[in-house]
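Reader: Please take one part of this model, the aromatic cluster, and describe it closely. Then work outward to whatever surrounds it, and give the cut-off behind each term.

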Amino acid sequence: MVNSSWTEPEPEPTIDITFQVSMDGTEVSEAGVFVGGGALFGSHDSHPMTPVGDNIYAATITVPANSGSHYTYTVSYTHLTLPTILLV
């Protein structure tokens with residue numbers, strides 16, 4: 001029997017977060033710069049960042065709205081010491 005009253009569930013709301021980090025004073029290898037970690041951002045190399053000029057790297061990541069997670073920037077799989085708590 002088919003349930004004709006079934007409807008598609010509403011999608012969970014999401015937001016886009018843009019991360020930017022200045023790499024002044026830090027050597028960036030060919031592997032690049034990444035943002036990752038915590039429950040939302042995955043492993044150390046999950047989100048590659050793109051150079052946008054003046055030694056600044058950026059990445060935009062879509063995450064569930066009203067959530068929070070730790071994150072870290074990595075260079076060649078080495079964690080950088082920068083602020084790492086994000087609540088959205």
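Author: Phe19, Phe41, Tyr71 and Tyr73 are linked by ring pairs into a cluster. Rings of Phe, Tyr and Trp (its six-membered ring) count as a pair if their centres lie within 6.5 Å; planes under 30 degrees apart are called stacked, over 60 edge-to-face, and the rest tilted. The model is a predicted one, in which local features need pLDDT of at least 70 and side-chain atom pairs count only at pLDDT 80 or more, while totals for chains, interfaces and linings use all residues. Residues are numbered from 1 along each chain as its sequence is written, and side-chain values use heavy atoms, with hydrogens and water left out.

Over the whole structure, a search finds five aromatic pairs. One of them joins Phe19 and Phe41: the ring centres are 5.4 Å apart and the planes stand at 90 degrees, so this pair is edge-to-face. It links distant parts of the chain, with Phe19 in strand 1 and Phe41 in helix 1 (residues 38-41), 22 residues apart. Helices (H or I, at least four residues) and strands (E, at least two) are DSSP runs, numbered from the N terminus. Both Phe19 and Phe41 are buried; that word stands for under 20% relative accessible area, with exposed for over 50% and partly exposed for values in between (1.4 Å probe, protein chains only).

Tyr71 and Tyr73 form another edge-to-face pair, because their planes are at 85 degrees, with the ring centres 5.7 Å apart. Tyr71 is buried at 12% relative accessibility, and Tyr73 is buried at 7%.

Two of these rings also appear in the nonpolar core. Such a core is a set of buried Ala, Val, Leu, Ile, Met, Phe, Trp, Tyr and Cys residues joined through side-chain atoms within 4.5 Å. The largest one has 15 residues, and those that touch the most other members are Phe19, Val21, Val33, Val35, Met49 and Tyr73. At least two residues of this core come from each of strand 1, strand 2 (33-36), strand 5 and strand 7 (72-75). Strand 5 gives the largest share, four residues.

Val35 ties the core to the cluster. Apart from neighbours within four places in sequence, Val35 is in contact (heavy atoms within 4.5 Å) with Phe19, Phe41, Tyr71 and Tyr73, and also with His47, Met49, Ala59, Ile61 and Thr72.

Phe19 leads on to the sheet. Strand 1 (residues 14-22) pairs with strand 5 (residues 56-64) in the antiparallel sense over nine bridges; two strands pair if DSSP finds at least two bridges between them. Along this pairing, Phe19 stands opposite Ala59, and Thr18 stands opposite Thr60. In a regular strand the side chains alternate between the two faces of the sheet. Gln20, also in strand 1, is exposed, with a relative accessible area of 54%. Leaving aside neighbours within four places in sequence, the contacts of Gln20 are Met49, Ile56, Tyr57, Ala58 and Tyr73. The C-alpha atoms of Gln20 and Pro51 are 9.5 Å apart in space, and these two residues are 31 apart in sequence.

On its other pairing, strand 5 is joined antiparallel to strand 4 (residues 50-53) by three bridges, with Gly53 opposite Ile56. The result is an open sheet of three strands in the order 1-5-4, with antiparallel pairing. Strand 1 and strand 4 are at the edges with a single partner strand each, so one side of each has no neighbour in the sheet. From one strand to the next the twist averages 35 degrees, where axes are lines fitted to C-alpha atoms, for helices over the stretch in contact, and angles run from 0 to 180 degrees between N-to-C directions.

The loops at the two ends of strand 5 complete the picture. Most residues other than glycine have a negative phi, and most peptide bonds are trans. Asp54, in the loop between strand 4 and strand 5, has a positive phi of about 55 degrees although it is not a glycine. Asp54 is exposed, with a relative accessible area of 73%. Asn66, in the loop between strand 5 and strand 6 (68-70), has a positive phi of about 60 degrees and is not a glycine either. Asn66 is exposed at 72%. Ser67 lies in the loop between strand 5 and strand 6, but is buried, at 18%. A polar atom of the Ser67 side chain lies 2.6 Å from the backbone oxygen of Pro64.

Notes: A polar contact is a pair of N or O atoms within 3.5 Å; within protein, one must be able to donate a hydrogen and the other to accept it, and residues adjacent in sequence count only if both atoms are side-chain atoms.
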